[in-house]
Amino acid sequence: MSHSADTPLDPQAQTVKPSDPESTADYEDSLGEADFDDEDFEGEDLEDLEDLEDLEDLESDELTLENEASLNPVLEVEAEYTVTDDKAGQRIDKLAAELFADHSRSQLQEWLKSGNLTVNGEVEKPKYRVRVGDKLLLQAKLEQHGTDEPEDIALDIMYEDDSVLVINKPVGMVVHPGAGNWTGTLVNGLLYHYPNQAHLPRAGLVHRIDKNTSGLLVIGKTKAAQMELQDQLRDKTVYRHYQCIVAGDVASLKRQRTIDAPIGRHRTQRTKMTVSSVGKPAVTHIMNITALNDNYSLLDVQLETGRTHQIRVHLSHIGHPIIGDDVYGNRQQLRAGLTPEQREAIQKFPRQALHAYQLGFVHPETGEDIEVTAPLPDDIIKLAEILSE
């Protein structure tokens, strides 16, 4: 799926290449290749591990779908039903969705095709219309992935069907359990509201955003949908737009509309990332720039790749850090000409002013182009209003 933003890239835009990591303002040390695990982030600093190459880096934590299946217990599913007069004439796929409502329609469709759901011992097409006395038999196995517990956590659902779920994650919610954050995560909430997600790796997660970034996440509700969406991330047919408030004027930002600078782990500060000549390729596009005042702007940013903390690292690298980013931008956030109220709003903003507001993908079942948008949260709107005064 191709995607063009309302504001095209400036044809005169410069592409920012990485500077020598030894001379950058943010980092005194170049990248090292020391291994690390999710525990190094203490469950809260994983912003954008959408790219499957990054997922493969977390070998101690991110198991592949195939490997994880072999490590988890199997749930036997067995049910049968004999068609009565009032059900006769219905399509088998629709009747199955009614009878076996604990399973999604997409999952039942898969079982019809695989022979796990039969009619009179035979495999039938989804459009088969049942007759009185037909015997439906469901025999299947579901792997139970992980030991995370369900919790009654409210979820802000922006899109849902039988195959896909898109959640607007609030600030402060960790995506999945990890060191220091074993409860209260999105995965715990998914397992409560959607018990069948227990049979998918990481409850169907396809990608993640960090604890203090708000916005959209897509989740597969079946194994086939989860794997297809992960393939789309690899093939870049999923597009992700973020909005953020940065320290920077429009003229300076226009000169750096595409940031092409490899990102890797910092050699000595293992929870930080850095631009480095030996990092992995990383490309960020600034699609639209809205001036809030002479020195601060609201950006629409599109990810081409999904490296850890990519947007935060890239914007800091070009000298325009995200407001509230106490890891990559504190020293550069305060610019000249601020009123006392504006200065206080910047200094006290409690998280990076970054929101994943738009997500587009090809529906894994229908092939339809899906686009979901989540409005800016109130805290970023308030900050923008103060800086615009």
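1. Helix α8 is mostly covered in this predicted model. Of its eight residues, seven are buried. They are Gln-310, Ile-311, Arg-312, Val-313, His-314, Leu-315 and Ser-316. The list holds Arg-312 and His-314 as well as Ile-311, Val-313 and Leu-315. Just past the helix sits Gly-319, with a positive phi near 90°.

2. Take Ile-311 within that helix, which spans residues 310-317. Its relative accessible area is 0%. Buried means under 20%, so Ile-311 qualifies. Ala-282 is 29 residues away from Ile-311 in sequence. In space, the C-alpha atoms of Ile-311 and Ala-282 are 9.6 Å apart.

3. Leu-315, another buried residue of α8, also belongs to the largest nonpolar core. That core has 57 residues. Leu-315 is among those with the most contacts inside it, together with Leu-186, Leu-190, Ile-245, Leu-299 and Ile-323. In soluble globular proteins, nonpolar side chains tend to be buried together.

4. Ile-245 deserves a closer look. Leaving aside residues up to four places away in sequence, Ile-245 touches Leu-292, Ser-297, Leu-298, Pro-321, Ile-322, Ile-323, Ala-353, Ile-380, Leu-383, Ala-384 and Leu-387. One of these partners, Ile-323, is itself listed with the most contacts inside the core.

5. A separate core of 18 residues lies apart from the largest one. Its members include Val-83, Leu-108, Leu-112 and Ala-140.

6. Next, the packing of α3 and α4. Two packed helices are described by the angle between their axes and the distance between the axes. Here α3 covers residues 92-99 and α4 covers residues 105-114. Their axes come within 10 Å and cross at roughly 125°. The two helices are therefore oblique to each other: the angle is over 115 but not over 145 degrees. The crossing is right-handed.

7. Which residues of α3 and α4 make the contact? From α3 come Ile-92, Asp-93, Ala-96 and Ala-97. From α4 come Arg-105, Leu-108, Gln-109 and Leu-112. Five of the contact residues are nonpolar, one is polar and two are charged. Leu-108 and Leu-112 of this contact are also members of the 18-residue core.

8. Finally, the chain as a whole. Its secondary structure comes to 10 helices and 15 strands. The chain has 389 residues, and 53% of them count as buried. Consider contacts between residues at least 6 apart in sequence: 72% of these join residues at least 24 apart.

Terms used
Residues numbered from 1 in each chain as written. Predicted model: local features only at pLDDT ≥ 70, side-chain atom pairs only at ≥ 80, totals over all residues. Heavy atoms only, no water. Helix = DSSP H or I, 4+ residues; strand = E, 2+ residues; numbered from the N terminus. Buried < 20%, exposed > 50% of the residue type's maximum accessible area, 1.4 Å probe, protein only. Axes fitted to C-alpha atoms, helices over the stretch in contact; angles between N-to-C directions. Parallel < 35°, antiparallel > 145°, perpendicular 65-115°, else oblique. Left-handed = near helix turned anticlockwise from the far one by under 90°. Contact = heavy atoms within 4.5 Å. Nonpolar A, V, L, I, M, F, W, Y, C, P; charged D, E, K, R; others polar. Core = buried A, V, L, I, M, F, W, Y, C linked by side-chain atoms within 4.5 Å.
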